[in-house]
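Hi everyone, thanks for having me. Let's take a short walk through a protein model together, and please keep the picture in view while I talk.

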Amino acid sequence: MSPSSSNSSTKSKSSSHDLFGYLRSLPPSTLRTLYGNEQCGVYACRAILQHLPELARQFVLRLAVCGGTFPRKSVDLWTKNDAQGGGSENSAMKESKMSLIWMERLCVIEPLKRNSEEDEDMLDNDDSNSNSNGNELVVLTPEFNAGIKTSMTSLRSAPWPFVTPMQQASLKAKAAKVGLSTSKHKYPPPPTLMELERYTQRRWDSVLHYLVGSTSEGGEDVEDPPEAVVHFLERTGLMQEDPEWRRGGKAPLVITSRGYEFMLLDVHVQVWQFVLQYLKSLQMKFRNDKKAQEIQSEALLFLICLSYCRVGEAYPADALSKDAKILMKDFSKFGLIYLAFIPQELRSIW
């Protein structure tokens, strides 16, 4: 990779406003690793499919049911035939090429015989008319092909089996039977949707209030965020030790200019930027490049899988990998996940 392309990739990661934008900036090896994950890769493929342009989604589905390989000229004919129903054939062909470019960039298909300059022309120049298909084949990558086929034939909507109300009642009965219901391990009742919303809002408000040095809201005290979150705010440059502190001892943390910029963002962008900085911190934590890539992939798969879980339903943490359980604990500190400890060391996430 050239220095210019590396800088571009780093810039696009830092400026991404959502998970899909971040995925577009990842190298092919990382994307293939996500798609090929035995447990969660199918949900990564499903997420990519849902975020592709409409025409690209049609291409993927047609290719998947045609063995994953089709001549490029025949793929172009799909678009030409659609254009006969109305619209310009040139614009339809351009849309076809754009769709294939995005599919290639996301490692949905194997690289096409086309140079990078043509890619940029297609994305930046509406008048590009390049057409050098020859006898080329459009081929789904093996990892994506296997994952999307499994997704198309699977009836599972969530990556993990949820804990049914009947199972929760059974666990509560077992807790009462062994005397745990009156101990410090008391079985918590499942939180309602409103309670979950309040919990998330309270945790996130604690982060924002801590950033600006506020300790109350509407006359009520605001709890401080967990110590791990405070360290994270300092490590990511949103806060720093007060440079004007002259009283001796450890200087208190104050918000930085970067922190003020963060406060002005929409709450959804704030949460994503927080997650983005968390992903970067994970990579910096491990000097071993292989381990850093593994934990990054695990974190991305965990985020993708969470997007397919229903709010308010409980899922067993035992279904998670070792690294995913660490991510689960960290996300709970940010208020993105609600953890409940229940009998027999079964931990559930809402």
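Here is a question to start: in which loop does Cys107 lie? Before I answer, please remember that this is a predicted model. Cys107 lies in the loop between α7, which covers 89–105, and α8, which covers 116–124. Take a look at its backbone too: the phi of Cys107 is positive, about 60 degrees, although this residue is not a glycine. Is Cys107 buried or exposed? Its relative accessible area is 5%, and buried means under 20%, so Cys107 counts as buried.

Now step along to Val108. Leaving aside the neighbours within four places in sequence, Val108 is in contact with Tyr35, Ile48, Leu52, Val60, Met103, Val139, Leu140, Thr141 and Phe144. Val108 also belongs to the largest nonpolar core, which has 75 residues. Which members of that core touch the most other members? They are Tyr35, Val108 and Phe274. As for where the core comes from, helix α15, residues 289–307, gives the largest share, with eight residues.

Next, the aromatic rings. A pair of rings is described by two things, the distance of the centres and the angle of the planes. How many aromatic pairs does the structure hold? There are 19. Let me show you two of them.

In one pair, the ring centres of Phe59 and Trp78 are 5.9 Å apart and the planes are at 50 degrees, so we call it tilted. This pair links distant parts of the chain, with Phe59 in helix α5 (residues 54–65) and Trp78 in helix α6 (residues 72–83), 19 residues apart. Both Phe59 and Trp78 are buried.

In the other pair, Phe331 and Phe334 have ring centres 6.5 Å apart and planes at 50 degrees, so this pair is tilted as well. Why are these two separated by about one helical turn? Because they are three residues apart in helix α16, residues 322–334. Phe331 is buried, at 1% relative accessible area, and Phe334 is buried too, at 6%.

Phe331 and Phe334 also have company: they are in one aromatic cluster whose members include Trp160, Trp204, Tyr278 and Phe274. You met Phe274 a moment ago in the nonpolar core.

Finally, two charged residues over rings. Arg46 lies over the face of Tyr308, 5.6 Å from the ring centre. The charged end of Arg105 sits over the ring of Trp102, at 5.8 Å from its centre.

Thanks for listening!

Conventions:
Residues are numbered from 1 along each chain as its sequence is written. This is a predicted model: local features need pLDDT of at least 70, side-chain atom pairs count only at pLDDT 80 or more; totals for chains, interfaces and linings use all residues. Side-chain values use heavy atoms; hydrogens and water are left out. A nonpolar core is a set of buried Ala, Val, Leu, Ile, Met, Phe, Trp, Tyr and Cys residues joined through side-chain atoms within 4.5 Å. Buried means under 20% relative accessible area, exposed over 50%, partly exposed in between (1.4 Å probe, protein chains only). Helices (H or I, at least four residues) and strands (E, at least two) are DSSP runs, numbered from the N terminus. Contact means heavy atoms within 4.5 Å. Rings of Phe, Tyr and Trp (its six-membered ring) pair if their centres lie within 6.5 Å; planes under 30 degrees apart count as stacked, over 60 as edge-to-face and the rest as tilted. A charge sits over a ring if NZ of Lys or CZ of Arg is within 6 Å of the ring centre and within 35 degrees of the ring normal.
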